[in-house]
Amino acid sequence: MQLRDFDSDSFLRDHWQKAPALIRNPWTAWENPLAPEELAGLACEEEIEARLVVHADGDWSVEHGPLPEARFDTLGEAPWTLLVQAVDHHVPDVAALIAPFRFVPNWRIDDVMVSYASDGGGVGPHFDQYDVFLIQGLGQRRWQIGQPCDDTSALRPHDELRLLADFETTDEWVLEPGDMLYIPPGIAHDGLAVGDDCMTYSIGFRAPSRSELIAHWVEDRLTDMSDDERYADPDLAAQDNPGEISAAAIDRLHAMVAETLADRDAFARWFGEYSSAPKYSEVSWQPDKPVGAETVRAKIAEGIALLRNPASRFSFVRNDADSLLLFVDGESFECADERISFAEGLSAHDQVILDAKAGKSDDLVALVAELVSRGSVAFDPDAR
Ligand code: SIN
Ligand code: CO
């Protein structure tokens with residue numbers, strides 16, 4: 001599906017990370033990509049993250065998936081919402097919703113969450129730490145936008161849902177199928193289903209916190225560090241006061257830490273691997289058998305498209321004009337020559353067709369075989 005009348009440059013300039021935006025049905029022809037019954041089916045599956053939020057007597061209760069199928073027969077009159085995370089990993093038509101938003105880099109994209117609510121259902125007034133595009137799929141939802149919030153904002157006592165104690169409505173809109181609302185991080189919002197059969201698709205983004213970055217980067221640096229690397233002072237001179245930690249000592253100690261953490265190339269490799277790690281590491285997408293070079297060559301010769309696994313993450317950093325590092329599902333792959341345009345194509349498009357020349361590069365064939373064997377890509381199973 002494509003967007004018309006949506007200018008990503010002016011959106012980025014005026015709204016991204018700055019201000020909410022209401023975009024009335026920008027699709028050439030909006031079609032709800034997932035039936036409510038299919039969403040309910042996903043919520044019953046073991047490896048899928050799902051929640052059921054019921055709003056009764058002024059309070060919200062949360063049940064976590066996998067939900068027993070019978071639960072859907074026992075939902076009472078109280079408004080409820082079913083929320084299923086990463087539906088794009090399982091439903092290609094839902095994954096296709098991300099395509100128009102690829103003006104944001106892959107590494108900033110998290111997943112597509114899908115919600116289904118009965119009349120009056122919602123998750124309550126809250127704020128998120130991430131940008132989100134909320135696409136109305138089916139039915140209607142009234143969205144209220146509120147004040148900027150942060151971790152000092154007062155919350156209602158609730159164990160799981162971080163519900164805001166106060167809400168100052170600044171805007172209010174009813175979204176119809178195909179309408180879209182962008183909300184930047186930290187802005188209060190509250191969406192209530194107007195009528196039954198309300199389905200909302202949330203294209204969610206992510207941004208690492210400084211503390212998360214430091215903690216994980218340090219953890220990576222520590223993996224191959226030797227205890228033999230120690231502070232040394234063969235030039236030690238007698239001090240007037242033995243209690244003083246001298247400026248020279250502090251400089252040397254600080255440099256021991258800073259030099260290790262300042263290695264930009266090592267950081268780039270680590271960050272690419274870290275940020276491309278799968279959202280659900282416990283889910284395996286590997287084919288039954290690893291795929292060898294011969295099979296890859298044959299598929300390339302037949303012109304069969306290579307499809308990205310929607311649950312996999314793809315990005316790269318350039319080393320120099322002749323090489324780059326491709327990151328897929330937490331691993332990095334050195335790319336030169338034919339691998340370069342393959343890596344660029346795979347990072348930009350959800351499918352690539354390799355030309356006959358590609359089959360002649362052993363290096364490229366080996367990379368494709370490895371990615372297929374890991375389950376990150378697959379040759380189109382529906383190809384003739
Ligand atoms: C929803 O789809 O009901 C909730 C989305 C959100 O507010 O983050
Ligand atoms: Co939200």
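Select S323 to begin: this residue is buried, at 16% relative accessibility (buried means under 20% relative accessible area, exposed over 50%, partly exposed in between, with a 1.4 Å probe and protein chains only). The model is predicted, so local features need pLDDT of at least 70 and side-chain atom pairs pLDDT 80 or more, while totals for chains, interfaces and linings use all residues. Residues are numbered from 1 along each chain as its sequence is written, chains are lettered from A and ligands numbered from 1 in the order in which they are written, and side-chain values use heavy atoms, without hydrogens and water.

S323 belongs to strand 12, residues 323-328 (strands are DSSP runs of E, at least two residues; helices are runs of H or I, at least four; both are numbered from the N terminus). Beyond its neighbours within four places in sequence, S323 contacts R318, C335 and I340 (contact: heavy atoms within 4.5 Å).

Now show strands 11, 12 and 13, an open sheet in the order 11-12-13 with antiparallel pairing (strands pair if DSSP finds at least two bridges between them). Strand 11 (314-320) and strand 13 (331-336) are at the edges, because each has a single partner strand. Strands 12 and 13 are joined by 6 bridges; in one of the pairs, L325 is partnered by E334 of strand 13.

Finally, select ligand 2, the cobalt ion, whose protein donors are H126 (NE2), D128 (OD) and H189 (NE2), 2.0 to 2.1 Å away (donors are N, O and S atoms within 2.8 Å of the metal, 3.2 Å for Na, K and Ca; water is not among the atoms, so sites may look incomplete). H126 is buried at 14%, and D128 is partly exposed at 28%.
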